[in-house]
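User: I keep meeting labels like "buried" and "salt bridge" in my course. Can you show me how they get decided on a real example?

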Amino acid sequence: RCFRRPARLECMMQDIAWLMQPRARADGAASGGGSDNGCEGGRLGVGFTSVPPEWGYFPSKNDRLTAAQLSAKGIPPYSAATAEFALYNAHASALRALGAEVAPPQPRSFHGVSVPLGPAVIFSPCFAPCMSALARKLGSPQRLSVSRKSALLVTGRHIRIDELRLDGSLEISVADGASLHIRSLVVQNEGWRFEDLSPTVLEDDRCPEVLQMRGYTLRREQARQVAVTTPGHHEMDHGELVLVSRTAVSFCDGAADLTDEAPPQTSSAAPRGDGGRLSFGGALEGQTPPPARAAWCSSALSLQPGAELRVPLVLPVPSLVRYEVQLLDASRSSLGLQPSLVLSLQPSRGEAVLPPTLLDTAAGSPPPGTIHVPGSGIFHLVLQNTSLLREA
């Protein structure tokens, strides 16, 4: 066989069959491709294993312009863009194969390169390195649904998902020594969007190469984050994250305690008084965590000048956050000055829902207020004492 120009060896890997002895090819054909290794006079069976193309063949070997030309001819582009979306589709296809309701991809063109745009699903190798491992991590795949605009990122070894309704972006991460059992979770937010970059941006020398080779960027609008960093076994039911046990549980080969993986450690979350279960007030653990439901309050809080209080909030759906700050008589300084309080509501990413706003404390306690949160996710309600004068 002749090569028109130097090429990689694997581009002609189909020729390996011609290197096998005739008996090996005949034995392989007769046995269906399975046999021993041929040592000590045994048969040498030659066979192959085929998998769906969306599960294993998406190289990135062509630049964006070449890929656009190939795509126009109906030839697989095999570029950075197609490789990225093929990976998302591979994980989404694995969920479909197990019975989950996952929206199929639709063709989308980025600067002439056609890609399968669907749910962006990424499973880290530690979570699901193969189909059998993924099946063990899903209690009831039929109770999982992922919309076309969704993005799902899962990182962590000991995670089990029973029911999930996702219409937006969700990031789940569980540290070593911890485990998470999601019994039910509904997430709806604006999610993430893939957007074309203009030719002017792509031709600019300051444009990062990682964007030039793709032709698009990812706009992270909103996302729900579930981050478990405290050792122990955690459960989430209807969006409420609770520490159930000081010892993590394995979902890899059956439910077994991971006492050797991580010794029990003390959590800073406050006991709820319901059988030893501990609440984090959502997916975050703070110094002053709010309860999982209802209101958070503090009857006696000292906030010194220059200090701030951060209250973590996990909002699974668009919500109204009502706040009320009451000043004690002792809040007024000896000079007769009221503290200068600034309130803000900040998401984990993106612009503040409520920019830093000065509360009116001239006549005493500021009036109660309501903050409309259009999306869902993880937020911090921040109260700052910006006063500069301290008591002598």
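Analyst: Let's start with contacts: two residues are in contact when heavy atoms lie within 4.5 Å. In this predicted model, take the contacts between residues at least 6 apart in sequence: 58% of them join residues at least 24 apart. The protein has seven helices and 24 strands.

User: How do you know what share of the 392 residues counts as buried?

Analyst: The cut-off for buried is a relative accessible area under 20%. Of the 392 residues, 41% count as buried. As for the surface, the protein exposes about 22,200 Å², and carbon and sulfur atoms supply 54% of that.

User: What makes H4 largely enclosed by the rest of the structure?

Analyst: Count its buried residues: 15 of the 18 in H4 are buried, so the rest of the structure largely encloses this helix. H4 covers residues 80-97 and reaches 26 Å from its first C-alpha to its last, close to the 26 Å expected at 1.5 Å a residue. After H4 comes Gly-99, with a positive phi near 110°.

User: Why are Arg-108 and Asp-196 called a salt bridge?

Analyst: The rule wants a side-chain nitrogen of Lys or Arg within 4 Å of a carboxyl oxygen of Asp or Glu. Here the N to O distance is 3.3 Å, so the pair passes the 4 Å test. Arg-108 sits in strand S2 (residues 106-110) and Asp-196 in strand S11 (residues 192-196), so this pair, 88 residues apart, links distant parts of the chain. By that rule, the count comes to 10 salt bridges.

User: What makes Arg-108 partly exposed?

Analyst: Partly exposed is what lies between the buried cut-off, under 20%, and the exposed one, over 50%. Arg-108 has 26% relative accessibility, so it counts as partly exposed. Its partner Asp-196 is at 37%, so partly exposed too.

User: Arg-183 and Glu-235 also meet in a salt bridge. Which of the labels, buried or partly exposed, goes to Arg-183, and which to Glu-235?

Analyst: Their N to O distance is 3.1 Å. The pair links distant parts of the chain, with Arg-183 in strand S10 (residues 178-188) and Glu-235 in strand S14 (residues 232-237), 52 residues apart. Arg-183 has 34% relative accessibility, so it is partly exposed. Glu-235 has a relative accessible area of 15%, so it is buried.

User: How do you know that Glu-195 forms a salt bridge with Arg-219?

Analyst: Their closest N and O atoms are 3.0 Å apart, and the limit is 4 Å. Glu-195 is in strand S11 and Arg-219 in strand S12 (residues 216-220), 24 residues apart. Salt bridges that share partners join Arg-193, Glu-195, Arg-219 and Glu-221 into one network. At 24%, Glu-195 counts as partly exposed, and so does Arg-219 at 38%.

User: What makes the phi of Tyr-78 worth a look?

Analyst: Most residues other than glycine have a negative phi. Tyr-78 goes the other way, with a positive phi near 50°. You'll find Tyr-78 in the loop between helix H3 (64-72) and H4. At 22% relative accessible area, Tyr-78 is partly exposed.

User: And what about the phi of His-111?

Analyst: His-111 has a positive phi as well, near 55°, and is a residue other than glycine. Its place is the loop between S2 and strand S3 (113-117). With 28% relative accessibility, His-111 counts as partly exposed.

Definitions and conventions:
Residues numbered from 1 in each chain as written. Predicted model: local features only at pLDDT ≥ 70, side-chain atom pairs only at ≥ 80, totals over all residues. Heavy atoms only, no water. Helix = DSSP H or I, 4+ residues; strand = E, 2+ residues; numbered from the N terminus. Expected span 1.5 Å × (residues − 1). Buried < 20%, exposed > 50% of the residue type's maximum accessible area, 1.4 Å probe, protein only. Areas by Shrake-Rupley, 256 points an atom, 1.4 Å probe, with all protein chains shown as cover.
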